[in-house]
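Subject: Structure handover and findings

Dear colleague,

Please find below the structure I promised to pass on, which is a predicted model. My notes on what was found in it follow directly after.

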Amino acid sequence: MKDLRLIKGQKQFSGVILIMMVIFMTAYTNFAFVISYFTIMIGILTLTTISYDEFENGMGYLFTLPVSRREYVGEKYLFSIVTTLPGLAAVSVFSFVFSRIRKIDFPVGEWVLSAVAGFLLATVVLAVVIPLQLKFGTDKSRVALMLVWGGGILAVYLGIKVCEATGIDWKAAADWVCGLKPVVALTGITVICGILMIISYLFSLRFIEKREF
């Protein structure tokens, strides 16, 4: 209830997201990008609630109430799903409607895959950022996040170079993934999201239990 009231109080932020969404859907033709971008933005709302909790040592006061650290961490992940899924549904519907109004070719199959990909990207972002914020706090987590993303990009780049040097056809593997049937792809993405969230939750729980407030 606390987090829902916090989000309800951020009317200006919600208004900005809505205005940007309309502008993007009016000016852009790549609706797959629009879906992923705004799904991630909506998912990040969870992080604002953690920032509010930490404001003026609010976290220390929070844990004097009848709420455990395990319950706190579990609620943040549940809240991220509760806010992201309706946001994803709204953005996906708006994208589909705008594509038909503007007469842009956006097949149903591509639309579904775009929505699934958007949810996967949002899951990856949340799975990385929530533990960092619980570990380092609001300010230090920004630096840590930059290092993580930079390291991730570097790892992907080095992986591609290693594949090219050893003769491994990574493009064929990417084409094989893209060629999977929608049901298989959806099942695989669901499993991946679940595993990421479980691993992230375990790290977050360990970090919050070691912090002193």
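To begin with the empty space inside the protein, the largest cavity holds about 40 Å³, and a search of the whole structure finds one cavity of 30 Å³ or more. The lining of the largest cavity is made up of Ser80, Ile81, Thr84, Phe119, Ala122, Thr123, Leu126 and Met197. Two elements, H6 and helix H7 (108-166), each give two or more residues to that lining, and H7 gives the most, with four residues. In character, the lining of the largest cavity divides into five nonpolar and three polar residues, with no charged ones.

Helix H6 also takes part in a helix pair that you may wish to look at alongside the cavity. The axes of helix H3 (residues 31-43) and helix H6 (residues 69-101) come within 9 Å and cross at roughly 155 degrees; because angles over 145 degrees count as roughly antiparallel, H3 is roughly antiparallel to H6. The crossing of these two helices, H3 and H6, is right-handed.

On the H3 side, the contact is formed by Phe31, Val34, Ile35, Phe38, Thr39, Ile42 and Gly43, which meet Thr83, Thr84, Gly87, Leu88, Val91, Ser92, Ser95, Phe98 and Ser99 in H6. The residues of this contact of H3 with H6 divide into eight nonpolar and eight polar, with no charged residue. Thr84 is listed in the contact with H3, and Thr84 is also listed in the lining of the largest cavity.

With best wishes

Key:
Residues numbered from 1 in each chain as written. Predicted model: local features only at pLDDT ≥ 70, side-chain atom pairs only at ≥ 80, totals over all residues. Heavy atoms only, no water. Axes fitted to C-alpha atoms, helices over the stretch in contact; angles between N-to-C directions. Parallel < 35°, antiparallel > 145°, perpendicular 65-115°, else oblique. Left-handed = near helix turned anticlockwise from the far one by under 90°. Contact = heavy atoms within 4.5 Å. Nonpolar A, V, L, I, M, F, W, Y, C, P; charged D, E, K, R; others polar. 1 Å grid on protein atoms, 1.4 Å probe; cavity = no way out; pocket = protein on both sides within 12 Å on 5 of 7 lines; lining within 4 Å. Points joined across faces, edges and corners; volume = space filled by probe spheres on them.
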